[in-house]
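Student: I have a multi-chain model open and want to work through its interfaces. Can we take them one at a time?

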Amino acid sequence: MSWISNTFSSSIGRKIIMSVTGLFLCSFLVVHLVGNLQLFKDDNGVAFNAYSEFMGHNPIIRTIEWVLVLGFGFHIYQGLALAAKNRAARGSNYVSDHIEQNSKWYSRSMALLGSIVLFFLVVHLYNFLGSLRFMDVPRDANGNEDAYGLVVQAFRNPFYVVLYVVAQVALCYHLLHGFQSAFQTLGLNHRKYTPAIKALGFGFSIIVCALFAAMPVYFFFFKS
Amino acid sequence: MAGSNPNAKPMNLTLKVWRQKNRAAKGGIVEYKVKDISPDMSFLEMLDVLNEDLLRKGDEPVAFDHDCREGICGSCNLFINGRAHGPEKGTTTCQLHMRKFSDGDTITIEPWRANAFPVNKDLSVDRSAFDRIIQAGGYVSVNTGGAPDGNEIPIPKEIADRAFEAATCIGCGACVASCKNASAMLFVSAKVSQLALLPQGNVERKARVENMVAQMDKEGFGACTNIGSCAAECPVGISLENIAILNREFLAAKATSNNLV
Amino acid sequence: MILDSKIPEGPLAEKWEKHKFDVKLVNPANKRKYDIIVVGTGLAGASAAASLAELGYNVKAFTYHDSPRRAHSIAAQGGINAAKNYQNDGDSVFRLFYDTIKGGDYRAREANVYRLAQVSVNIIDQCVAQGVPFAREYGGLLANRSFGGAQVSRTFYARGQTGQQLLLGAYSALSRQVAYGKVKLYTRSEMLDLVVVDGKAQGIITRNLITGEIETHAAHAVVLATGGYGNVFYLSTNAKYCNVTAPWRAHKKGALFANPCFTQIHPTCIPVSGDYQSKLTLMSESLRNDGRVWVPATKETAERLRAGQIRVQDIPEEERDYFLERKYPAFGNLVPRDVASRNAKQMCDEGRGVGGSGLAVYLDFADAIKRNGADWVAQKYGNLFDMYAKITGENPYEQPMRIYPAVHYTMGGLWVDYNLQTTIPGLYATGECNFSDHGANRLGASALMQGLADGYFVIPYTIGDYLAKTAPKPVTTQHPAFQEAEAAVRTRIEKLMSINGTRTPDDFHKALGHIMWEYCGMARNAKGLEFAKAEIQKLRREFWSDLKITGLNEELNQTLEKAGRVADFLELGELMIDDAYDRNESCGGHFREEYATEEGEAQRNDDEYAYVAAWQYMGDNQPEVLHKEQLHFENVKLTQRSYK
């Protein structure tokens, strides 16, 4: 129907896609984080492997996974398309531009930060999901695929550790802007609640990314 | 005659001014020196000095838009030292005074840059895109005559005040100029929220926001990524809250209007 | 030439109703066969263009700005009067009429002013319906404030930006008609001549300011809504582009120019700070509600102050002269604009002025701050104080403001009859461009009222009367009159471009402004006017032999634009001087030093000068011919204004 495509191809429509998919991806981050926190459990990966097995084979999760893929797909495509469109709308650049005096660098660098996260995502999927899905992974005592072993192995490599930490810093800044921005785009700005949304977004970005970043560091220093 | 501060010393400045013959021509920075600039001069008066100088020498003065010189008509539009309307907060170019600069300073002056604002000449740009956006729906459709008594519809003071605040937009385009994406959302949102807040605007609110956003996109402005430069540089302090209202209005209109395109 | 004001017969209060019934109407289906040109898109122009288009006429609207929203109506601060009597304080149409006639020092036409007061109430309704966010009370109803020259609260306002909000309302109505295709909008187009065919206005010549192209436009009628000519003084509160070219061109094509010397000098403006000064900024009249105007009591103190030997804070109370309170105990600081301005000038002439130049008086808020606190003052006047601080770099909370009178509004303009038609059939003038409603002095908050009254509620009726008598045949630019006018415009531009002298347009403009301000400003006398006339003639000759313009016509050339406007100001200036010279009385903004009461107040001469002076152009460098429209006052009694 034309009104739907017209809506979502408009500048605000595109932003609505960005914000809805962005918030959805935030919820994914929470789920992913909660599951992965089991890596810190001192049981040689028993719990983590069981969780991983569940996530890899439960039909509901596998269905939702496609929604997640779509969410990523839309967010990435729309984000890059918007960045290109916006760059074109500016046309030429100022000879002297002190935009840093009126806005935050990470707000202006969402495409760059997002691209770093995207690069990380590819490496990350190759490291873990690729192995689990397409290769023969040894099984643990409970017969679950030893995802934990993959983690231990991967984070012996300092290159990966650095990449993962850098990516989490990028994600953190991406979220610092993105979280509250999503609410603004959806029109949810109110002098009573917006300060709370901003505080929540700040806490969310720091805590989630710090915990994710702690994983490779922990394994590199304590488990290798 | 001395000004308010008789001790203020005149300044000598270097100006780097964007010169461009016309829309099609390629522009570039040209350097000029101005001498004995009083700190009490307005920025535009300093440019007047430069222009009189150029004219006397047989050169072409720098074209720039200005009119009321009291910060309300929205004509003046200079990008000064990397900032829309220069370094002072809440100030149009014409209200910027030279006491904000120091002797020996180099000042870079450029036109607004956005595809939707082509350069006419030098520092003058074409902002008619804004007019076309208003023409797309920035009004209440009432013909002259036949309006009910002004007190017929009571409007809570708080609502009237908020509508007024949105309505104070002077249409200068600093929001577009300072936005990395050349987005016109702050401008459009100011009009949309003014009329969305008031009961008079209610009748046409859905069509209004749909048509104005469509026109905004057609003009080639970028999309808002909530960076906030626009509101930070807006000389009359139009708030980002308006953009949220615009987004909300748009979403609600698209979801509930009977418009199938 | 007999000036027929076409005032309808009958009692004052019934004239307009009766007239609306008597005027001929254009059949709705025929309206689309008529084209109307509206020049200027401020309050008067935008409201006229929108309203005429709503009726079904094809409108072409012209502005030299990049957008109609930039017109200088936007800068009006205070408010708009309307006889709503929402405050239950005794206001009425008659009272607004009476105040306006009296405020204008009995030099306005009764019937026009009464109609203005009548339609004032419709303006507010119309603007509210458009979504103009007027100030409201907590109960949600419209708020009012009081203004100079009135004892009731009838001024509607939108903080200090009433003009902006009203203009944006008219602009939105105009934009709507542009979207409907009923108005064709020409931006950055400056009218350079009027085309008269067989004695009727039938088109205009414009210059596209971006390309330099000269264009011809034909229509069945032309409405000029091009504002006032205060910039003849170079320094004024007008915007920089404000000019007299459109009405002046019409004047030279046969439209009479009325009361050109009636100029309003506003008492509370930020003083000139140096030779580079490009314009003056008004501080709203409302400040005089709480600010006290004073100068040092002696010349010696003033001199020491100016030399920087003492500070304003060092002057003890007894050495301060609150001259308005002293001379006018009844009205104090709230005397009308012309009286306040004249007194400030007098103090400075006595050598008691303050500021570096000695051309300023103090407007002091120390008492108000002491009485009610700085917060209270900030709440009431915060934006004005900020503006003052931005421009002067001084903090008005800590030291008194310096103010000085400045040219603000021109009551004179094209002579129009009751239908707002000039002496050229088919040519109308609305808003500040005409002379009609303010007599010799305009009251605060009445300019917005008049602009919108003319545009929304008068011209839509009266222009129909003319069009109904004109055949609905298409008009074209084929008539030789168009070619002639176009050729004349081209020749003039070529002439300006080819002088190749040494002085810039601004240079001449400043020189003209200086002459006008010194000799035809706040106070005038015969000797000075004679001198000024010769000076202007000399300056005009120099202009046409020593002007310098660079660049080409075929591009955006702001120097050329300016030069054309200054050329017209140089002619208008002389007419203003002739008019001031001819009017041997003092009234309103026109103060002839020879005609003052013993106390130095304006002395009217109703027996000989209760007329509108309408001047007819007789050719280049020829004296203009004066025609008089006698003013008849049947509903008010002429009295000497007293504010003591």
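Student: How many residue pairs are in polar contact across the interface of chain A and chain B?

Tutor: Keep in mind that this is a predicted model. Both residues of a pair must have pLDDT 80 or more to enter this count. For the interface of chain A and chain B, the rule gives 29 residue pairs.

Student: Which helix of chain A gives the most to the side that touches chain B?

Tutor: Start with the candidates. Helices H1 (2–9), H2 (11–36), H4 (59–90), H5 (105–108) and H8 (158–185) of chain A each supply at least two residues of that side. One of them gives six residues, the most: H4(A).

Student: What classes of residue make up the side of chain A that touches chain B?

Tutor: Chain A puts 38 residues into the contact, and chain B puts in 50. On the chain A side, the split is ten nonpolar, 22 polar and six charged.

Student: Which residues pair in a salt bridge between chain A and chain B?

Tutor: The rule finds one salt bridge across this interface. Its N to O distance is 3.0 Å, and it joins the side chains of B:Glu241 and A:Arg191.

Student: What area do chain A and chain B bury between them, and which residues of chain A lose the most?

Tutor: The buried area is about 3600 Å², with 52% of it on carbon and sulfur atoms. Three residues of chain A together account for 18% of what that side buries. Those that lose the most area to chain B are A:Ile12, A:Arg90 and A:Tyr94.

Student: Now chain C and chain B. How much area is buried there?

Tutor: Count the residues to begin with: 84 of chain C are in contact with 78 of chain B. Carbon and sulfur atoms give 50% of the buried area. The total is about 6800 Å².

Student: How many salt bridges does the rule find between chain C and chain B?

Tutor: One example joins the side chains of B:Glu70 and C:Lys279 at 2.5 Å, N to O. Polar contacts are counted separately, at 48 residue pairs with both at pLDDT 80 or more. For salt bridges across this interface, the count is seven.

Student: Which element gives the largest share of the side of chain C that touches chain B?

Tutor: Several helices of chain C give two or more residues, including H3 (43–55), H6 (162–180), H13 (447–468) and H17 (558–582). By class, the side has 33 nonpolar, 30 polar and 21 charged residues. The largest share is eleven residues, and it comes from H6(C).

Student: Where are the domains of chain C, and what distance separates their centres?

Tutor: Domain 1 covers 267–407 and domain 2 covers 480–605. Taken over C-alpha atoms, their centres are separated by 31 Å.

Student: How many salt bridges are counted between domain 1 and domain 2 of chain C?

Tutor: Eleven residues of domain 1 are in contact with nine of domain 2. The two domains bury about 780 Å² between them, 60% of it on carbon and sulfur atoms. Two residue pairs are in polar contact, both residues at pLDDT 80 or more. The salt bridge count is zero.

Student: Which element gives the largest share of the domain 1 side that touches domain 2 in chain C?

Tutor: Two elements of chain C give two or more residues: helix H10 (337–349) and strand S15 (401–410). The domain 1 side has six nonpolar, one polar and four charged residues. Its largest share, five residues, comes from H10(C).

Terms used:
Residues are numbered from 1 along each chain as its sequence is written. Chains are lettered from A and ligands numbered from 1 in the order in which they are written. This is a predicted model: local features need pLDDT of at least 70, side-chain atom pairs count only at pLDDT 80 or more; totals for chains, interfaces and linings use all residues. Side-chain values use heavy atoms; hydrogens and water are left out. Contact means heavy atoms within 4.5 Å. Buried area is the accessible area (1.4 Å probe) that two parts lose on being put together, summed over both. A salt bridge is a side-chain nitrogen of Lys or Arg within 4 Å of a carboxyl oxygen of Asp or Glu. A polar contact is a pair of N or O atoms within 3.5 Å; within protein, one must be able to donate a hydrogen and the other to accept it, and residues adjacent in sequence count only if both atoms are side-chain atoms. Helices (H or I, at least four residues) and strands (E, at least two) are DSSP runs, numbered from the N terminus. Ala, Val, Leu, Ile, Met, Phe, Trp, Tyr, Cys and Pro count as nonpolar, Asp, Glu, Lys and Arg as charged, and the others, Gly among them, as polar. Domain bounds come from an automatic or database domain assignment.
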